[in-house]
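Biologist: I am new to this structure and would like a guided tour. Could we go through it together, one topic at a time?

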Amino acid sequence: MSPSISLTINGEARAVALDDPRVTLLDLLRERLDLPGTKKGCDRGQCGACTVLVDGRRVNSCLTLAATLDGAEITTIEGLALGEELHPVQAAFIENDAFQCGYCTPGQIMSAVGLISEGSAGDDPERIREGMSGNICRCAAYHGITIAVQEATRNMIRTDKEDAA
Amino acid sequence: MSVAKPLPHDAAKLHVTGAARYVDDMPVPADCLHLAFGLSTVAAGRITSIDFDPVRDYPGVVGVWRAKDLPGPCDCSPSNHDEPLLAGNTIRYLGQPVFLVAATSHHAARHAVRAVKMEVQKRDAILTVDEAMAAESRFEEGPRIWKRGDAGEAIDAAPHRIEGRIEMGGQEHFYLEGQAALAFPQEGGDMVVHSSTQHPSEIQHKVADALGVPMHAVRVETRRMGGGFGGKESQGNALAIACAVVAQATGRPVKMRYDRDDDMTITGKRHDFRIDYCAGFDDEGRLLGVEFEQFTRCGWAQDLSLPVADRAMLHADNAYYIPAMRVESHRLKTNTQSATAFRGFGGPQGMLGIERVLDHVAHTLGRDPLEVRRLNYYAPTKGGAAPRPPAADSPRDILAKKKELEAHPDEDLTSRGAQDVTPDSSPAPTVPEGVQTTHYGQPVEDFILHEMTERLAESCNYAERRRAVAAWNAENPVLKRGLALTPVKFGISFTLTHLNQAGALVHVYQDGSISMNHGGTEMGQGLFQKVAQVAATSFGVPLESVKITATDTGKVPNTSATAASSGSDLNGMAVKAACDEIRERMAEHLAKLHQDNPRDVRFEEGMVKVGGERIPFAEAAQLCYMGRVSLSATGFYKVPKLNWDRLKGQGRPFFYFAYGAACSEVVVDTLTGEHRTLATHILHDCGSSLNPAIDRGQVEGGFVQGAGWLTSEELVWDETGRLRTHAPSTYKIPACSDRPDVFEVELWDGRNIEETIYRSKAVGEPPFMLGISVLMALSDAVAACGTGYPSLDAPATPERVLAAVRKLRDGV
């Protein structure tokens with residue numbers, strides 16, 4: 001009998017039977033759940049293209065066994081926008097030309113969302129660069145990526161403050 | 001007007017929401033088959049036995065193919081027909097596809113290939129430059145030699161002379177999206193192929209050839225690539241052919257994508273080079289004669305190595321006038337991956353050779369390298385000579401061309417690897433007075449590097465920082481700083497003249513929306529956006545009115561690869577020609593309706609102004625439709641003025657040059673060899689930029705990739721010919737934290753003197769070579785450790801830098 005897990009993906013509860021207990025979260029998303037927005041770059045946890053949030057924490061989905069995620073809450077690039085309204089990080093990536101070919105972009109954005117919620121980088125460019133260095137961009141749109149993360153961080157802090165007020 | 005605006009990428013919203021589809025993201029029917037190659041495990045040898053039973057028995061496997069099971073050779077080569085899809089019994093490199101497995105899933109296919117039992121009799125492999133030279137293992141009959149004057153004599157007569165050698169490594173493309181193809185069999189034996197390729201026409205040609213069908217039976221579509229950088233000019237052929245062959249055999253859709261390790265093990269990379277040099281110069285550092293001997297390992301098959309090596313020879317002058325010059329180029333055949341196109345296409349390697357010479361000359365004389373560089377620059381030309389009327393095509397030697405075609409009936413004409421025995425096109429270039437020519441005879445008519453260098457040196461405080469670096473180095477024994485400002489002059493055009501053409505297809509629909517297609521492919525360089533801006537500007541409509549559709553061989557035929565930085569130049573002009581045609585038809589009809597002169601009809605701000613009235617563009621389109629005016633047109637463009645004879649090494653291979661300059665400052669830890677780029681200032685020439693935001697991205701990205709090539713990206717083959725750096729764990733690509741702490745990019749505000757699309761300049765490759773400034777700055781820092789010349793090779797990894805430091809300090 002194949003094991004099955006229950007997890008929440010982009011707010012939707014899913015029960016998934018695992019044909020192969022060794023399946024990674026990345027392959028599960030792309031090949032079983034019709035969520036190809038998360039990309040496969042190296043399939044060994046070194047390029048960051050497959051970054052998603054698991055319980056709010058950024059992980060390389062290619063190194064995460066789906067079987068370990070029973071009860072977890074997963075957010076992928078497809079679940080970031082609220083309908084037509086882009087997440088501030090998504091909007092900042094467009095605003096600052098933070099990509100060229102776009103293939104690393106879903107991973108970069110998920111990583112940025114994770115980094116911002118970790119709260120350790122703030123809007124310091126050097127810390128942002130360090131915090132984003134697990135996500136390779138071969139087109140080297142790093143200048144735009146750094147500024148986009150900086151800008152999104154500021155916008156999100158401002159919005160939080162306004163909400164609190 | 002849309003052109004010249006910094007608008008975001010056309011698919012920006014799709015990218016940030018994960019909705020942008022790449023080949024592997026496309027939904028496929030449930031019966032889709034997945035392929036994997038079984039690879040050779042030695043670099044040279046002969047297969048003595050092979051047992052597929054365990055592979056066939058693997059769950060999910062549907063079929064196994066060896067070379068003899070294929071419908072024909074299924075050649076994948078873009079040039080010499082020397083690349084069969086699968087090896088026969090002879091193995092030519094480690095990683096060569098030997099057999100093909102089709103299975104019901106990607107994983108099943110990958111696992112199954114490992115079950116094979118293959119026995120191979122090893123042979124001695126030719127891996128290095130020295131081995132290849134000793135064995136006379138090369139492409140072409142001998143070295144290619146181009147010269148001007150007698151360089152040997154000039155060097156002998158010169159007051160000073162240096163000799164040296166620089167070795168530079170290759171480079172893995174590491175396009176984030178690996179190679180991928182997907183084939184759908186159609187009725188009547190037709191085939192539709194989706195391919196992550198820079199060259200859909202090439203895929204179409206190779207697939208048709210493999211299937212034994214005419215090109216019209218194969219349609220290739222490319223929406224986008226997740227990066228190309230040259231690695232998808234010919235390296236996607238194998239996957240597309242494999243998919244099509246299996247799809248034809250099984251009648252099922254077939255998909256193939258390489259896993260990263262396979263991708264790096266199978267596919268070609270940038271050519272590594274060894275360049276030996278000898279230069280004679282005067283007391284000030286003025287070059288009087290230079291000799292280069294360039295050696296490059298081309299790998300097991302010819303691929304695009306000849307034009308790559310040609311371009312290295314063409315850039316052996318970079319920005320410098322060298323009165324006597326000799327360049328000898330050896331294209332060596334080795335038992336390694338077949339080296340291929342990579343951003344710059346040999347240009348960076350040739351350019352690094354002469355930059356090394358300039359650095360070495362300056363060090364020998366104890367002069368500032370920038371002064372020596374400027375001293376040797378081509379003569380300034382004040383924005384170029386007076387424009388000349390476009391030259392008419394000269395009468396061609398039709399018989400010779402015909403003979404050439406007959407000798408190669410299946411010649412892949414749209415490939416850069418195609419033969420070009422008979423030069424055609426314009427008459428030989430005339431040289432205006434006061435204009436110097438390159439070593440291959442092309443006049444340098446718009447040499448703007450004097451002004452650009454002046455401005456960059458000023459804006460980055462070069463002189464002051466030069467003093468500060470010297471002061472720092474005098475006081476600090478461990479951390480040494482280095483500074484270098486290097487120029488780029490890069491020739492724009494395919495050196496195979498006939499490739500410099502493009503087509504486009506534009507439709508205006510009755511609601512005023514516009515659909516546009518051209519032969520260029522989108523790989524992140526923003527081509528689609530730039531070309532859409534051209535179309536929107538032509539019709540005076542907002543950009544949202546223009547839809548750019550996937551590149552499709554069924555819409556625009558016989559296209560050239562999106563390569564050689566030519567995408568916007570060629571396709572922009574072709575699209576403009578199509579738009580102009582439709583606009584003229586519309587203007588004529590509307591003028592007639594309003595008793596106006598067609599020439600006075602204006603297309604602006606979404607409106608058409610005619611006969612004192614302003615009609616919305618959509619309404620104008622409707623009126624034209626009702627008036628039975630054709631609202632569809634093809635456009636065509638061919639680059640003028642080209643004339644090139646590659647055998648002689650003479651003529652005008654380039655329409656124009658693109659320029660740039662970069663100043664980098666580095667710091668080196670002389671105890672470990674580790675280094676860091678502290679600041680980089682760039683001034684780059686995009687002519688009159690079509691889209692400054694996209695162009696800046698190309699400049700920044702090109703520089704980082706170029707600096708990566710020369711510092712951290714190291715390919716290592718072991719003594720058996722196995723590539724040991726086949727994943728990002730062992731192959732270091734620049735990350736976000738590796739970019740310079742201070743990184744200033746400015747675009748030169750100028751216009752192309754040639755009539756390009758809105759007087760812009762190509763921008764894909766030229767900025768890559770700005771990365772040379774980092775290597776030269778490292779050389780400068782190492783030089784501060786002693787009195788000798790560092791002769792720093794590339795990539796200047798900490799290991800190499802440390803070795804260079806030790807050599808200078810201790811002589812070991």
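**A helix across a sheet**

Modeller: Let us begin in chain B, where helix H17 (residues 617-626) lies across S21, S22 and S23 of chain B and runs at about 85° to S23(B). Please keep in mind that this is a predicted model.

Biologist: In what order do the strands of that sheet come, and how are they paired?

Modeller: The order is S21-S22-S23 (chain B), in an open sheet of 3 strands with antiparallel pairing. Strand S21 (602-604) and strand S23 (613-616) of chain B each have a single partner strand, so they stand at the edges and one side of each is left without a neighbour in the sheet. On average, neighbouring strands of this sheet are turned by 25° against each other, direction ignored.

Biologist: How many bridges join S21(B) to S22 of chain B?

Modeller: There are 3 bridges between S21(B) and strand S22 (residues 607-610) of chain B. As for residues, Arg602(B) has Lys609(B) in S22(B) as its bridge partner.

Biologist: Turning to the interior, which residues have the most contacts inside the largest nonpolar core?

Modeller: They are Phe93(A), Leu287(B), Phe292(B), Phe539(B) and Met586(B), in a core of 201 residues. Helix H16 (residues 567-593) of chain B gives the largest share of this core, 11 residues. Another core, of 40 residues, lies apart from it, and includes Leu86(B), Ile203(B), Ala238(B) and Ala242(B).

Biologist: What is Met586(B) in contact with, leaving aside its neighbours within four places in sequence?

Modeller: Met586(B) is in contact with Phe539(B), Phe603(B), Phe617(B), Ala620(B), Ala621(B), Cys624(B) and Leu631(B).

Biologist: Phe93(A) was on your list too. Which residues of its helix, H2 of chain A, are buried?

Modeller: In helix H2 (residues 88-95) of chain A, the buried residues are Val89(A), Gln90(A), Ala92(A), Phe93(A) and Ile94(A). They pack against helix H3 (105-118) and helix H5 (142-164) of chain A, together with helix H1 (12-16) of chain B. After H2(A) comes Asp97(A), with a positive phi near 50°.

Biologist: Staying with chain A, how is the chain divided into domains?

Modeller: Chain A has domain 1 (4-79) and domain 2 (88-164). The centres of these two domains of chain A, taken over C-alpha atoms, are separated by 21 Å. In contact with each other are 15 residues of domain 1 and 16 residues of domain 2 of chain A.

Biologist: Is Glu12(A) buried, exposed or partly exposed?

Modeller: Glu12(A) counts as partly exposed, because its relative accessibility is 46%. This residue is found in strand S2 (residues 12-17) of chain A. From Glu12(A) to Pro36(A) there are 24 residues in sequence and 17 Å in space, C-alpha to C-alpha.

Biologist: And Ala247(B), buried or exposed?

Modeller: Ala247(B) has 1% relative accessibility and therefore counts as buried. Its place is in helix H7 (residues 237-250) of chain B. Beyond its neighbours within four places in sequence, Ala247(B) is in contact with Ala183(B), Pro185(B), Met191(B), Arg252(B) and Val254(B).

Biologist: Finally, which feature does UniProt place at residues 17-124 of chain B?

Modeller: The UniProt entry, which is unreviewed, places "domain: Aldehyde oxidase/xanthine dehydrogenase a/b hammerhead" there. In the model, residues 17-124 of chain B are 11% helix and 31% strand, and the end C-alpha atoms of the span lie 52 Å apart.

Definitions and conventions. Residues numbered from 1 in each chain as written. Chains lettered and ligands numbered in written order. Predicted model: local features only at pLDDT ≥ 70, side-chain atom pairs only at ≥ 80, totals over all residues. Heavy atoms only, no water. Pairing = 2+ DSSP bridges. Helix = DSSP H or I, 4+ residues; strand = E, 2+ residues; numbered from the N terminus. Axes fitted to C-alpha atoms, helices over the stretch in contact; angles between N-to-C directions. Contact = heavy atoms within 4.5 Å. UniProt positions renumbered as here; feature names shortened; annotations may be inferred. Core = buried A, V, L, I, M, F, W, Y, C linked by side-chain atoms within 4.5 Å. Buried < 20%, exposed > 50% of the residue type's maximum accessible area, 1.4 Å probe, protein only. Domains from an automatic or database assignment.
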